[in-house]
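Please have a look at the sequence and the model below. We will then walk through some of its rings, pockets and individual residues.

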Amino acid sequence: MTASLPPGTLEVLRTLCDGAPLVVFDLETTGPDRLTDRIVEVAAVKISPDGSVATLETRVNPGVRIPREATAVHGISDADVADAPPFGAVAPDLAAFLEGCDVAGYNLRGFDIPLLGREFERAKVPFSFEGRRVVDAQVIYFRKEPRDLTAAVRTFVGREHTGAHSALADAIASAEVLAGQLLRYADLPREMDALAAFTAPVEGRWVDADKRFVWRDGAAVFNFGAKRGQALADVAAKNPEYLDWMLDADFPEEAKRIVREAREGRFPNRK
């Protein structure tokens with residue numbers, strides 16, 4: 001399949017193709033866990049040194065339920081992939097599309113590359129990112145546009161934060177930044193309840209502040225350790241000793257409260 005990129009984009013990216021095509025790709029998945037989640041859609045755009053462009057795009061049946069929290073993010077439901085091929089059927093064509101190419105994307109190193117690598121392993125299709133040059137646009141963004149307090153003071157207050165990492169100076173600077181944001185963004189809520197809701201974690205993410213548990217279809221699922229990807233309710237029923245270990249170990253109190261209640265048969269529930 002071919003695709004058209006904006007002329008300016010193609011012209012700039014073609015300069016990076018110094019001997020090898022560049023593939024910019026993205027994955028949509030069943031969730032945010034690069035170790036246990038599965039692909040539901042993959043799309044890639046290949047820019048060749050001669051300026052030609054090709055694309056590969058396909059839905060994928062992950063073989064597991066797509067949690068409603070993931071569907072809320074990308075809009076892909078179980079029904080949308082019911083007739084889609086499994087990744088194993090897509091993998092050979094995708095590996096061939098990527099052969100001999102450098103790769104680019106957004107948050108590739110932290111998410112897409114490790115997750116895609118595991119999918120290739122699961123499908124038993126030989127593929128490796130070793131030897132390929134990887135450009136991560138997220139790394140460029142964060143390095144060129146820092147998102148720390150010092151950068152926020154510069155943006156929203158219009159001065160340098162000379163007292164950085166002094167607690168009182170940081171607290172005052174944070175207050176100035178918040179006031180500056182309210183002045184700059186007219187569409188921000190002015191009521192505390194609404195503003196708190198606006199800054200709450202993205203739907204479909206974490207049950208607790210320490211990110212030990214993640215929401216899946218409204219139920220709590222382990223996000224770490226040997227039980228990663230397993231439902232809290234299932235572990236409580238089949239391996240209660242794991243919960244006892246957590247209660248005796250050095251975990252945050254919120255995680256322990258969730259585990260303690262699970263041992264009593266009460267589980268977090270997002271309706």
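## An aromatic cluster

Which residues form one aromatic cluster? The members are Phe213, Phe222, Phe224, Tyr242, Trp245 and Phe251. Here, rings of Phe, Tyr and Trp (its six-membered ring) pair if their centres lie within 6.5 Å, with planes under 30 degrees apart counted as stacked, over 60 as edge-to-face and the rest as tilted. By this rule there are twelve aromatic pairs. One of them is the tilted pair of Phe224 and Phe251, 5.4 Å centre to centre with 45° between the planes. This pair links distant parts of the chain, 27 residues apart: Phe224 is in the loop between β7 (219–222) and α10 (232–238), and Phe251 is in the loop between α11 (240–248) and α12 (253–263).

Both Phe224 and Phe251 are buried, where buried means under 20% relative accessible area, exposed over 50%, and partly exposed in between (1.4 Å probe, protein chains only). Phe224 also has a charge for company: the charged end of Arg212 sits over its ring, 5.2 Å from the centre. The rule for this is that NZ of Lys or CZ of Arg is within 6 Å of the ring centre and within 35 degrees of the ring normal. Elsewhere, Lys46 lies over the face of Phe97, at 4.5 Å from the ring centre.

## The model and the whole chain

This is a predicted model, in which local features need pLDDT of at least 70 and side-chain atom pairs count only at pLDDT 80 or more, while totals for chains, interfaces and linings use all residues. Residues are numbered from 1 along each chain as its sequence is written, and side-chain values use heavy atoms, with hydrogens and water left out.

The chain has twelve helices and seven strands; these are DSSP runs numbered from the N terminus (helices H or I, at least four residues; strands E, at least two). Its C-alpha atoms fill a box of roughly 60 × 55 × 35 Å along the principal axes. Of the 271 residues in the chain, 37% are buried. Taking contacts between residues at least 6 apart in sequence, 57% join residues at least 24 apart, with contact meaning heavy atoms within 4.5 Å.

## Two pockets

The largest pocket holds about 430 Å³ of space, and the second largest about 240 Å³. Pockets come from a 1 Å grid over the protein atoms alone: a pocket is an open set of points where a 1.4 Å probe fits, with protein on both sides within 12 Å along at least five of seven lines, and lining residues have an atom within 4 Å of a point. Grid points are joined across faces, edges and corners, and a volume is the space filled by probe spheres set on the points.

The largest pocket is lined by 22 residues, and Thr29, Pro32, Val73, Phe111 and Arg205 lie nearest its centre. At least two lining residues come from each of β1 (22–29), α2 (68–74), α5 (108–123) and β6 (213–216). The lining divides into eight nonpolar, seven polar and seven charged residues. In this scheme Ala, Val, Leu, Ile, Met, Phe, Trp, Tyr, Cys and Pro count as nonpolar, Asp, Glu, Lys and Arg as charged, and the others, Gly among them, as polar. For the second largest pocket the split is two nonpolar, three polar and five charged; its lining includes Thr30, Arg38, Arg65, Arg216 and Asp217.

## Residues worth a click

Asp217 is in the loop between β6 and β7. It has a positive phi of about 50° although it is not a glycine, and is partly exposed at 29% relative accessible area. Lys124, in the loop between α5 and β5 (134–136), also has a positive phi, of about 60°, without being a glycine. Is Lys124 buried or exposed? Lys124 counts as exposed because its relative accessible area is 73%.

Asp102 lies in strand β4 (residues 102–105) and is buried, at 9% relative accessible area. Beyond its neighbours within four places in sequence, Asp102 touches Ala20, Pro21, Leu22, Val23, Arg132 and Arg133. Glu57, in strand β3 (residues 53–59), is exposed at 52% relative accessibility. With the same neighbours left aside, Glu57 is in contact with Glu41, Val42 and Ala43.
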